[in-house]
Amino acid sequence: YVDFAGDRQTIDIGSGPVLINCWSSTCEPCVAELKEFTERAEDIRGAGIQVYALTLDGLDPSGSSADDARAIIDDIGLPFASGRLTKKIVQVLFALQNSLTVRAGELVVPASFLVDSSGQLTAIFKGSLTVDELLKYATSQPKSPAQRFARSAAFPGRSIQHEVLSRIMEKSDA
């Protein structure tokens, strides 16, 4: 990503869960979400979660600017890494979202992507994310492929126990 000073930065994956939060200065739920992250920063850090608040502002020349986003970050006093998404990162996140979720579509904000310490994407949050939801997901990662499969379902229910499905889940764990 690019920080607000214009320098390219790397997202540090490997030392704990990472939340990549996509937002815009024109999105009221986004700003409210960032305020909650700021208010509950101690809880987030206590769980070992790193937050990267990355704005879409500045990607569309006719839209809001990165300066608008930086002003909000400064006003809130966000204590986490922040900056701008690049078009390439947006394309990657868009592709991930559309290949892994039932309701594909545009990358709308707020949207957050939770990555575990091994670099595995563990959750996509479409819409506002509360700190309580973040803590729940980041601290209770399912271990087995069957647990991850059940947690990824769009609706509650039961999965069909079948040897083919079991082999597929085992391969996904490799």
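This passage describes the strands, two of the helices, the cysteines and one loop residue of a predicted model.

The strands of the model form an open sheet of 5 members, arranged in the order S3-S2-S1-S4-S5, and their pairing is mixed. Strand S3 (81–84) and strand S5 (121–126) stand at the edges of this sheet, and because each has a single partner strand, one side of each is left without a neighbour in the sheet. On average, and with direction ignored, neighbouring strands are turned by 15° against each other. Within the sheet, S1 and S4 pair in the antiparallel sense over 5 bridges, and Leu19 has Leu114 of S4 as its bridge partner.

Helix H1 lies across S1, S2 and S4, and its course runs at about 145° to S1. Helix H3 also packs on the sheet, where it touches S1, S2 and S3, and the direction of H3 makes about 125° with that of S1.

The length of H1 can be set against what is expected for a helix: its 12 residues (residues 28–39) should span 16 Å at 1.5 Å a residue, and the C-alpha atoms at its ends are 17 Å apart, which agrees. The buried residues of H1 are Cys30, Val31, Glu33, Leu34, Phe37 and Thr38. Seen down the axis of the helix, these buried residues fall within an arc of 160°, so they line one face of H1. An α-helix has 3.6 residues a turn, so residues three or four places apart point the same way. On the other side of H1, Glu28 and Glu39 are exposed. The buried residues of H1 pack against several elements, namely strand S1 (18–23), helix H2 (41–46), strand S2 (50–55), helix H3 (66–76), strand S4 (111–115) and helix H5 (131–139).

A comparable description can be given for H3. Its buried residues are Ala66, Ala69, Ile72, Ile73 and Ile76, and as they cover an arc of only 120° around the axis, they are placed on the same side of H3. The exposed residues Asp67, Asp74 and Asp75 are carried by the face of H3 that is turned away from its buried side. The packing partners of the buried residues of H3 are S1, H1, S2 and S3. Just after H3, Gly77 takes a positive phi of about 75°.

Turning to the cysteines, a search of the whole structure finds 1 disulfide, which joins Cys27 to Cys30 with an S to S distance of 2.4 Å. The link of Cys27 and Cys30 is right-handed, with 80° about the S-S bond, and both of these cysteines are buried. Cys22, in contrast, is in no disulfide, and the nearest cysteine sulfur, that of Cys30, is 9.2 Å away. Cys22 nevertheless counts as buried, because its relative accessibility is 0%.

A final position of note is Thr86, which lies in the loop between S3 and helix H4 (87–100). With a relative accessibility of 15%, Thr86 counts as buried, since the cut-off for a buried residue is under 20%. When residues up to four places away in sequence are not counted, Thr86 touches Val2, Arg8 and Leu59.

Conventions: Residues numbered from 1 in each chain as written. Predicted model: local features only at pLDDT ≥ 70, side-chain atom pairs only at ≥ 80, totals over all residues. Heavy atoms only, no water. Disulfide = S-S within 2.5 Å. Buried < 20%, exposed > 50% of the residue type's maximum accessible area, 1.4 Å probe, protein only. Helix = DSSP H or I, 4+ residues; strand = E, 2+ residues; numbered from the N terminus. Expected span 1.5 Å × (residues − 1). Arc of directions from axis to C-beta. Contact = heavy atoms within 4.5 Å. Pairing = 2+ DSSP bridges. Axes fitted to C-alpha atoms, helices over the stretch in contact; angles between N-to-C directions.
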